[in-house]
Amino acid sequence: MKIAVAGAGLLGRLLAFQLSRSGHEVHVFDPAPHADARGAAGWTAAGMLSPVAELECADDFVFRLGLRSVELWPQLLGQLQVPVECRFDGSLLLAHRGDEGAARRVLDVLETKLASAGGSEAKNPGDALAGVRFADHQPTKLTAERLGELEPSVRGPAHAWLLPNEGRIHTVQAMQALVASAPQVQWHWDRTVDALGPGELRSGGTRRFDWVFDVRGTGARPELPVRGVRGEIFWLRAPGLQLTRPLRLLHPRHRVYLVPRAPDLVVVGASEIESEDRSPVSLRSTVELLAAAHSVVPELAEARIVHSETNLRPALPDNLPRLDTQRGITRINGLFRHGWLIAPALVERALQEMKP
Ligand SMILES: Cc1cc2nc3c(=O)[nH]c(=O)nc-3n(C[C@H](O)[C@H](O)[C@H](O)COP(=O)(O)OP(=O)(O)OC[C@H]3O[C@@H](n4cnc5c(N)ncnc54)[C@H](O)[C@@H]3O)c2cc1C
């Protein structure tokens, strides 16, 4: 088929790569001036692949997509022509002494939602999660000794839990590798899509296709009621720091995480602000995020702040993802804070639903 993809963010790149591998003629349109221009939220993401931790603000559907994507990422990355850092060593939830209440609330939410996902699986034995042992996903409380063995540089928090099946991906490497590994795709940079419909897309003139994918993220208005949720992150350079797993601090006021990234970076994020302001990181977010990061890993005191970035997460009113297939057009949007976690499974479903 001759296929158009509107948007070259995370979803657009994944779709283009998969579709061209299947032999389709693929055209991708994006307002970015070139493949490395960092407009898409996909570039900014810290790259946590956290099906369980994300349950705090997600549902069963996201959890299922996340578990499936955790299976799909290694297969997918194995098909790329360029290596991408991606590891599944688990992640840690951490809490300071005195913050037990905030931590307990999050753990209760995770345990309740895990139990409900397990219950719905029992009712639907044909479900994609058949065979998943929910007990394997429960947070495990760590002793101070065990925490010291797993992550010796984590010094501040008094409480720690391991989520064993979680991981992380180097988002910048993956965004680049997806384009580099799809040379047959016709990438139309500097081309905004003004309108689209089944089998049709307008960018300058109107062009006909057999199928159109609308993955424009926050650019899909007014067709979808999507909004941008501001997120701010930092890259710290910390040579010699030993950190293997993503860390999340369970805090009464802030959501803060630290994600190691080769060779010597730690990504610290992320604010979540109901605003479409893309201006640079604020002083308040800087103070809150970096003070929290330092309280977890005191060794970061001498790290260098090498980069900060702001972007908008595409979110629908219910903050849940939406995949809508009609003849000649597929729309995927609302990946919010879990895009890297769920994109491979959503793309897999979208391709299964595409009938010529
Ligand atoms: C600070 C931050 C941290 C995050 N951390 C994580 C994380 O740790 N784990 C995780 O799973 N997710 C994370 N995310 C979320 C993830 O990045 C998003 O969910 C994901 O990028 C959404 O993918 P997308 O393809 O829908 O949108 P995007 O990646 O934003 O891509 C949309 C594309 O559409 C293009 N476009 C817009 N308008 C038009 C138009 N009119 N015509 C053509 N193209 C258009 C844009 O230029 C862009 O390239 C984070 C996001 C942010 C901002």
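How far is an oxygen atom of the ligand from a polar backbone atom of L10? The separation comes out at 3.3 Å. Keep in mind as you look around that this is a predicted model, so every distance here is computed from it.

L10 isn't alone in offering its backbone to the ligand. Over at G47, a backbone N or O atom sits 3.1 Å from an oxygen atom of the ligand. For M48, the matching distance from a backbone N or O atom to a ligand oxygen is 2.9 Å. How much of the ligand does the protein bury? On its own, the ligand would expose 1000 Å², and the protein buries 93% of that.

Now let's step back and take in the surroundings of the ligand. The shell is made up of 34 residues, and the closest of them are D30, M48, F336, W340 and L341. So M48 turns up again: it belongs to that closest group, and its backbone is also 2.9 Å from a ligand oxygen. Sorted by class, the shell holds 19 nonpolar residues, eleven polar ones and four charged ones.

Where along the chain do these residues come from? Several elements supply at least two shell residues each. Among the helices there are α1 (10–21), α2 (41–44) and α8 (339–353). The strands that do this are β2 (25–30), β14 (227–237) and β18 (304–315).

One of those strands, β14, is worth a closer look, as E232 lies in it. Is E232 buried or exposed? It's buried, because its relative accessible area is 0%, and the cut-off for buried is under 20%. The side chain of E232 has polar company, too. A polar contact of 2.7 Å links it to the side chain of R230. The E232 side chain also reaches the backbone nitrogen of S282, at 3.0 Å.

Let's finish with a little sheet. In general, the strands of a sheet pair through backbone hydrogen bonds, in either a parallel or an antiparallel way. Here, three strands form an open sheet in the order β10-β11-β12, and the pairing is antiparallel. β10 (195–197) and β12 (205–208) stand at the edges with a single partner strand each, so each has one side left without a neighbour in the sheet. From one strand to the next, the twist averages 15°. If you zoom in on β11 (residues 200–203) and β12, you'll find four bridges between them, in the antiparallel sense. As one example of bridge partners, S203 goes with G205 in β12.

Technical notes: Residues numbered from 1 in each chain as written. Predicted model: local features only at pLDDT ≥ 70, side-chain atom pairs only at ≥ 80, totals over all residues. Heavy atoms only, no water. Near = heavy atom within 4 Å. Polar contact = N/O pair within 3.5 Å; in protein donor to acceptor, adjacent residues only side chain to side chain. Areas by Shrake-Rupley, 256 points an atom, 1.4 Å probe, with all protein chains shown as cover. Nonpolar A, V, L, I, M, F, W, Y, C, P; charged D, E, K, R; others polar. Pairing = 2+ DSSP bridges. Axes fitted to C-alpha atoms, helices over the stretch in contact; angles between N-to-C directions. Buried < 20%, exposed > 50% of the residue type's maximum accessible area, 1.4 Å probe, protein only.
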